[in-house]
Structures are given as structure tokens and as C-alpha cells.
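Q: Please take one part of this structure and describe it closely. I am in my first year, so give each term its cut-offs when it comes up.
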Amino acid sequence: MTTQLIKSSDRGYADHGWLKSFHSFSFADYYDPARMGFGALRVINEDKIEPGRGFGTHGHRDMEIISYVLSGELAHKDSMGNGEAGGANAGVIRPGDVQRMSAGTGVLHSEFNHAKDQTTHFLQIWIMPDHRGIAPSYEQKHFDAGSKRGKLRLVAANDGADGAVTIHADAKLYAGLFDGAEQADLALADGRIAYVHVVRGSLNVNGQDLTAGDALQVRQTSRLALSAGHDAEVLVFDLAA
């Protein structure tokens, strides 16, 4: 097994006033040639948006984009009609929700915190798709705390297994909540790598202690072991090497 620990303090950081953002990988003005991604995982941005502010309409293409809200609400509106009156999806995501937008041939969208007195804290995740030029699409599902308590709950996968949102990439994303004696294992098939990102609290992964914002890149192992959590929330990516 080979591992690389990325401390929270190693991440890039940008303070735009209304937006404070930590970048796990190179993004915008933060550039580190050694941090261009891990497998198909290209972006994890931990963003905090001030009340009444947000990202204006902008475009994406050929990327699987996942939003994972930690606190507050995020209102999404896009060129597919999501977030519009009468649209297929209301477009507002809250803690426990997982939103997937496949940009494909191109999509325009905006994201706003419409609250008057609450900061929106969320993770923006980009995963490179298996194929370029697919039709844009959107999906949003809720995964309650009970489904993640003391276990790793599959929340995104290329086959949409177990009620997960469907991503067009050879990747699986699990979310878990761990405290005290709670523990879980995850088997990794040959040719797979894993990226473990602690969202909050602290957790031990394969003997390595991690705290909020830390990540562990894992190669050449058949098993992840998660234990010794203290109010921990974690995301685990199972990726093709």
C-alpha cells in the first residue's frame, strides 16, 4: 500500500469577500502541477458563500459536477430548466442532498445563497467523464443521516446502484458519518485507487489520523479501514487507477 497525506493547510485558498474557497486541486488562480487531480477526480472545492451572494450564470462542458451541502442552502438554476418555475427539479439543495449535473455538450447555470442570515457551506466536486459530448442532464437525491451513520453509503456511481445518483464516469462516491466505536471497511478491486476526504471532525483511515479538510490518496491496497471517528463526516472516492 502506498499513501499520500494532503493536509488541510496544504490546499489552495481564495478569499473573494463573498466567497471563501479551499482548493484540494489546482483551480482558477491556484496552480500546483503536482495537484492536477487524482484519477478522474479533478476538483474538490470547499466553498462558503455569504448570505445573498452566489455564482452568476456561467458555463460548463464535459464534466460531471457534484454538489454536497454541509450547512445552509444552495439554489441552482440552469439552462435545462432546473430551478425554474414549473421545471423538473426545484434546484434547491440542502444538507443530505447530492446534486449531479452532467455538463456534456454544454450547460449554463447559476448557484446562489438566498438566505438573509446564513452562510452556505458546500463542496463542489468535478469528475472527468468517460466520454465527451454526452447530452447534459441533472439529478438530485437525498440521503438521510441514518443511512450514513457508522457506514459508507454509496451516493454516486456510474451504474446508479443502490439508489445513488448516476455519474458518467468510472467512479463511485461514498459518504459516511462516524463517531466513537463506529467503523467500516471498503473493499477495493484490483486496479482501483481511493481518495478519502474528511469533511469535518476526525477519523483514522488505514492507520492514518485525519482531521477536517485533510485527505488521503491510497494506491495498491485491497481494503480501506475507517475507525476512531470523532463527529466525523467523510467522502470516499473509488476510482480507476
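A: What follows describes the largest pocket, then one of the strands that line it, then some aromatic rings.

The model is predicted, so local features need pLDDT of at least 70 and side-chain atom pairs count only at pLDDT 80 or more, while totals for chains, interfaces and linings use all residues. Residues are numbered from 1 along each chain as its sequence is written, and side-chain values use heavy atoms, with hydrogens and water left out.

The largest pocket holds about 220 Å³ of space. A pocket is found on a 1 Å grid over the protein atoms alone: it is an open set of points where a 1.4 Å probe fits, with protein on both sides within 12 Å along at least five of seven lines. Its lining residues have an atom within 4 Å of a point. Grid points are joined across faces, edges and corners, and the volume is the space filled by probe spheres set on the points. The lining consists of 18 residues, and those nearest the centre are His23, Phe27, Ala28, Asn45 and Phe55. Two or more lining residues come from each of β2, β3, β4 (41-49), β5 and β11 (120-127). These strands are DSSP runs of E, at least two residues long, numbered from the N terminus. By class, the lining has 8 nonpolar, 7 polar and 3 charged residues. Here Ala, Val, Leu, Ile, Met, Phe, Trp, Tyr, Cys and Pro count as nonpolar, Asp, Glu, Lys and Arg as charged, and the others, Gly among them, as polar.

β4 deserves a closer look. It is largely enclosed by the rest of the structure, because 8 of its 9 residues are buried. Buried means under 20% relative accessible area, exposed over 50%, and partly exposed in between, with a 1.4 Å probe and protein chains only. β4 pairs with β3 in the antiparallel sense over 5 bridges; two strands pair if DSSP finds at least two bridges between them. In this pairing, histidine 23 stands opposite asparagine 45 of β4. β4 is also joined to β11, by 8 bridges, and these two run antiparallel. There, leucine 41 has isoleucine 127 of β11 as its bridge partner.

Now the rings. The whole structure has 6 aromatic pairs. Rings of Phe, Tyr and Trp (its six-membered ring) pair if their centres lie within 6.5 Å; planes under 30 degrees apart count as stacked, over 60 as edge-to-face and the rest as tilted. Phenylalanine 25 and tyrosine 195 form a tilted pair, 5.4 Å centre to centre with 45° between the planes. This pair links distant parts of the chain, 170 residues apart: phenylalanine 25 is in the loop between β3 and β4, and tyrosine 195 is in β17 (residues 192-205). Phenylalanine 25 counts as buried because its relative accessibility is 1%, and tyrosine 195 is buried at 0%. Phenylalanine 27 and tryptophan 126 form an edge-to-face pair, 5.4 Å centre to centre with 75° between the planes. They also link distant parts of the chain, with phenylalanine 27 in the loop between β3 and β4 and tryptophan 126 in β11, 99 residues apart. Phenylalanine 27, at 22% relative accessibility, counts as partly exposed, whereas tryptophan 126 is buried, with 15%. Phe25 and Tyr195 also belong to one aromatic cluster with Phe38 and Phe237.

Note on methods
Helices (H or I, at least four residues) and strands (E, at least two) are DSSP runs, numbered from the N terminus.
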